[in-house]
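Biologist: Please take a close look at a single part of this model, and follow its contacts outward as far as they can be traced with care.

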Amino acid sequence: MSGRKKIIAVIGATGAQGGGLVHAILTDPERRFHARAITRKPRSESARILQRLGVEIVQADSDDVAGIKAAFRGATAAYCMTNFWEHYSPEREVHQARNMAEAARDAGLEQVIWSTLEDTRIFIPLSDPRMPTLMDRYKVPHFDGKGEGNREFTDRDVPTTFMLTSYYWDNLLYAGAGPQRGADGVLRFMLPMGDKRLPGIASSDIGKCAFGIFVNGEDCIGKTIGIAAEHLTGEQMAAAMSKAFGEPVIYDAVEPSEYAGFGFPGAADLANMYQFKRDFNDRFCAVRDARRSRRLNPDLLTFEAWLQENKIRIPL
């Protein structure tokens, strides 16, 4: 990056990914960057906390290209992301990616990180009956929209690092996602992954890895970098939870079709996601190199360490 003031504009600064990046910027002993938090709700408590810590707060909405352009103006770099689970619309994610890419180009940013995922239709055509097609156009909607959004940055020649994220261990904090106690009193952890490995990471570590990418600057531009702390099987995750909870947790390797039938919002999408990770496991894991991730973020938590910090928050 150049010698001018190094401001990183952070989309989603009050959430898990962006919040982790802002924290890494604030705690960097070398003070290499300044954080500009972009939020729709500048008066929220989370935004006020960041402001008290000295973070610049700017109001903007990713659906509004003019607002994002104004928010990026004068910045050196930007962290760009979308949140499918707010609206369940891949088309809206692509639209937001287009707005951010246009804003990044117009602002002349030196580096952008686009938090993305695979477009699974490259691997599983819509005509492939082995996996249900959803919303008429997608196999894994919350993956495919982000993957489709990649070209919004490449088509505009934005100097971008494409950061592939992994399964958030923080998902276990939400009711239904973690171990469930059956009628027999035994905890069971359901995951439609068979004996395949699931790359995972603490959500707060995603932003810290992004910080490492910004520190490396030009060396990461134009590259796709997958991040993960560990690649664990369902059996290994259950064993770690058994140790943390002090009672047995049984891994129940359900089929994706059974998982889709659970009926909660997004169940079919997530079932297809797990099937994609299972069926293309070697490739999915290979691009998410845990050793490279640890070089970006030396403080990367293991699953066992994350459990020790969060086990009391997991509903059983």
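Modeller: Lysine 146 is a suitable starting point, and it lies in helix α5, which covers residues 141–154; helices (H or I, at least four residues) and strands (E, at least two) are DSSP runs, numbered from the N terminus. The model is predicted, so local features need pLDDT of at least 70 and side-chain atom pairs count only at pLDDT 80 or more, while totals for chains, interfaces and linings use all residues. Residues are numbered from 1 along each chain as its sequence is written, and side-chain values use heavy atoms, with hydrogens and water left out.

With a relative accessible area of 9%, lysine 146 is buried, where buried means under 20% relative accessible area, exposed over 50%, and partly exposed in between (1.4 Å probe, protein chains only). Not counting residues up to four places away in sequence, lysine 146 touches Thr82, Phe84, Glu93, Trp114, Ser115, Thr116 and Leu117, a contact being heavy atoms within 4.5 Å.

Helix α5 also holds aspartate 144, whereas arginine 121 lies in the loop between β5 and α5, so their pairing ties together parts that are 23 residues apart in sequence. The side chains of these two residues, arginine 121 and aspartate 144, meet in a salt bridge at 3.8 Å, N to O, the term requiring a side-chain nitrogen of Lys or Arg within 4 Å of a carboxyl oxygen of Asp or Glu. Both arginine 121 and aspartate 144 are buried. They belong to a network of salt bridges that links Glu91, Asp119, Arg121, Arg137, Asp144, Glu148 and Arg151.

Within that network, glutamate 91 forms a salt bridge with arginine 137, the closest N and O atoms being 3.6 Å apart. This pair links distant parts of the chain, since glutamate 91 is in helix α4 and arginine 137 in the loop between β5 (111–116) and α5, 46 residues apart. Glutamate 91 is partly exposed, at 39% relative accessible area, and arginine 137 is likewise partly exposed, at 36%.

The loop between β4 (77–80) and α4 (90–107) contains tryptophan 85, which is partly exposed at 34% relative accessibility. A nonpolar surface patch of about 290 Å² is made by Trp85, Tyr88 and Met135; patches consist of residues with over 30% relative accessible area and no salt bridge, like charges being joined within 9 Å and nonpolar side chains (Val, Leu, Ile, Met, Phe, Trp, Tyr) within 5 Å, and the areas come from the Shrake-Rupley method with a 1.4 Å probe, only the protein chains shown counting as cover for residues.

The structure holds 16 aromatic pairs, for which rings of Phe, Tyr and Trp (its six-membered ring) must have centres within 6.5 Å, with planes under 30 degrees apart counted as stacked, over 60 as edge-to-face and the rest as tilted. Tryptophan 85 and tyrosine 88 form one of these pairs, edge-to-face, at 5.5 Å centre to centre and 85° between the planes. Tyrosine 88, at 35% relative accessibility, counts as partly exposed.

The same loop between β4 and α4 carries glutamate 86, and a salt bridge joins this residue to arginine 40, with the closest N and O atoms 2.9 Å apart. Arginine 40 lies in the loop between β2 (34–39) and α2 (45–52), 46 residues from glutamate 86, and the pair thus links distant parts of the chain. Glutamate 86 counts as partly exposed, at 48% relative accessibility, as does arginine 40, at 41%.
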